[in-house]
Amino acid sequence: METASHALPALELVDWFDAAARPLPWRAPGITGWGVLVSETMLQQTPVNRVRPIWEEWMQRWPRPSDLAAAPQAEVLRAWGKLGYPRRALRLHEAAGAIADQHGDVVPADVDTLLALPGVGTYTARAVTAFAYGKRAPVVDTNVRRVVARAVHGAGDAGPPSPKRDLADVDALLPEDDATAAKLSAALMELGQTVCTVRSPACDSCPVAADCAWQHAGRPAYDGPAKKVQKFAGTDRQVRGKLLDVLRGTDGPVPRAALDAVWSDAGQRDRCLDSLLVDGLIEQTDDGRFALPGEH
DNA sequence: CTCCTGTGCT
DNA sequence: AGCACGGGAG
C-alpha cells in the first residue's frame, strides 16, 4: 500500500506566487530582517488580518531591534495588544536586546544563530532566512505540511507533525538556487493559506492541480488520527487574558480588588495571577498592588 | 506530551 | 453557544 509520490512544478508555483501573492506589508521590497522577524513572531499563532495593523505600528515605533530593546516591557505588552500569547512579546523584546548587543543591531541570517534567539524555533528561523535574506531553507508550517501531504503524498491532510520528516519532505522540493528556493518556500505557504485550505480547497484555481497526488487519488478524505482541539472558555488562558487586559488598560499599578472583579473563581484567579508573576508578565509592588513589568 | 490567547466563523 | 485555530517552550 505504497502511496504515489508526485514532484511539484517549482517554477509554475513560483510564477503563480509572483502573480497571486497578497501584497502583505512585510513582503514589500526593502523590508529588513527585523521587519520579517517581527511579522513572523506575530504570525506564529495570530491570523494576518489581526497582525497587519499592529505590525505597522511596531515598525513605525521601533524600526530597529535596539529601538524595541530600549522600550519598557510594559509598553511592549501594551503595544502587543490583543494578539494573544503575550509571552511572545516578551521573548521578542529579549531577542531584540540580543540582536542589538551581539549582532550589531542586524537580525542574523543564519538558521543556527537565529535558533539561539528566544522565541525563535524551527519555523521562524527558517522563515527569516528565506523571506528576509532570500536563502534556501525549508520553511514548514501547518499550511505547508498540508500542501505536501496532499500534493506529494496524496493524503487528505497532514497527520501529526514529524519535524525531521516534514523538513526533509520540503527540502526535497526546493531547487538548489537560493532565490528560487526562497520564493518557492513563500509560494508553498501562500498556496496553503489561500488555495489549498483545510475545509474548502480551491482546486479549480490551483496552479499545481495537474500534478497533485491528492487530485489523482480522487481527493480522499483525511483518515489519520483526529487532531485534538484546544478549549479556551474557562481555561487559565482565558483568565490570564482577562487579568492582563485590566493592566493593559490602566497606567500604573492596580489594587487586587480590580483584578478580583474579572473572574469569580478565586482559586483559579490566584493561580493565574501567580503564573503571570512567574512568567514575568506582571509584577507586584511593595504595597501589594499589581502592574505591568517595569512600570512602577 | 501540555501549556500558552483571542477571534471569527458557523 | 460552540468550535477551530497554531509555533515555541518546558
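**Close-up 1. Helix H3 meets helix H5.** In this predicted model, helix H3 runs over residues 48-61 and helix H5 over residues 73-80, and their axes come within 10 Å of each other. The two axes cross at roughly 150°. On the H3 side, the residues making the contact are Ile-54, Glu-57, Trp-58 and Arg-61. Their partners in H5 are Glu-75, Val-76, Ala-79 and Trp-80. Sort these contact residues by character and you get five nonpolar, three charged and no polar ones.

**Close-up 2. Trp-26 and Trp-55, an edge-to-face pair.** Searching the whole structure turns up three aromatic pairs. Here Trp-26 and Trp-55 sit with their ring centres 5.6 Å apart and their planes at 75°, an edge-to-face arrangement. Trp-26 belongs to the loop between helix H1 (10-20) and helix H2 (33-43), while Trp-55 is part of helix H3, so the pair ties together parts of the chain 29 residues apart in sequence. Are these two residues buried or exposed? Trp-26 is buried, at 9% relative accessibility, and Trp-55 is buried too, with a relative accessible area of 3%.

**Close-up 3. Trp-58 and Trp-80, back at the H3 and H5 contact.** The ring centres of Trp-58 and Trp-80 are 5.7 Å apart and the planes stand at 70°, so this pair is edge-to-face. Trp-58 comes from helix H3 and Trp-80 from helix H5, which makes this a link between distant parts of the chain, 22 residues apart. Both residues also appear in the list of contacts between the two helices. As for accessibility, Trp-58 is buried at 1%, and Trp-80 is buried at 0%. Add Trp-62 and you have one aromatic cluster of Trp-58, Trp-62 and Trp-80.

**Close-up 4. Leu-83, in the loop after H5.** Leu-83 is found in the loop between H5 and helix H6 (87-102). With a relative accessible area of 4%, Leu-83 counts as buried, because the cut-off is under 20%. What does Leu-83 touch, leaving aside its neighbours within four places in sequence? Its contacts are Met-42, Thr-46, Arg-50, Val-51, Ile-54 and Arg-88. Take Arg-50 as one of these: Leu-83 and Arg-50 are 33 residues apart in sequence, yet their C-alpha atoms are 7.1 Å apart in space. Ile-54 is worth spotting again here, since Ile-54 is also among the H3 residues that meet H5.

**Close-up 5. Two charges over aromatic rings.** The charged end of Arg-150 sits over the ring of Trp-214, at 4.4 Å from the ring centre. In the other example, Lys-227 lies over the face of Tyr-222, and here the distance to the ring centre is 5.0 Å.

**Close-up 6. The annotated stretch, residues 42-194.** An unreviewed UniProt entry lists residues 42-194 as "domain: HhH-GPD". Over that stretch the chain is 66% helix and 0% strand. The C-alpha atoms at its two ends are 19 Å apart.

**Zooming out. The chain behind the close-ups.** Chain A has 15 helices and two strands. Its C-alpha trace spans about 65 × 45 × 30 Å along the principal axes. Of the 296 residues, 46% count as buried. Among contacts with a separation of 6 or more, 63% are between residues 24 or more positions apart.

Terms used. Residues numbered from 1 in each chain as written. Chains lettered and ligands numbered in written order. Predicted model: local features only at pLDDT ≥ 70, side-chain atom pairs only at ≥ 80, totals over all residues. Heavy atoms only, no water. Axes fitted to C-alpha atoms, helices over the stretch in contact; angles between N-to-C directions. Helix = DSSP H or I, 4+ residues; strand = E, 2+ residues; numbered from the N terminus. Contact = heavy atoms within 4.5 Å. Nonpolar A, V, L, I, M, F, W, Y, C, P; charged D, E, K, R; others polar. Phe/Tyr/Trp six-rings, centres within 6.5 Å; stacked < 30°, edge-to-face > 60°. Buried < 20%, exposed > 50% of the residue type's maximum accessible area, 1.4 Å probe, protein only. Lys NZ or Arg CZ within 6 Å of the ring centre and 35° of its normal. UniProt positions renumbered as here; feature names shortened; annotations may be inferred.
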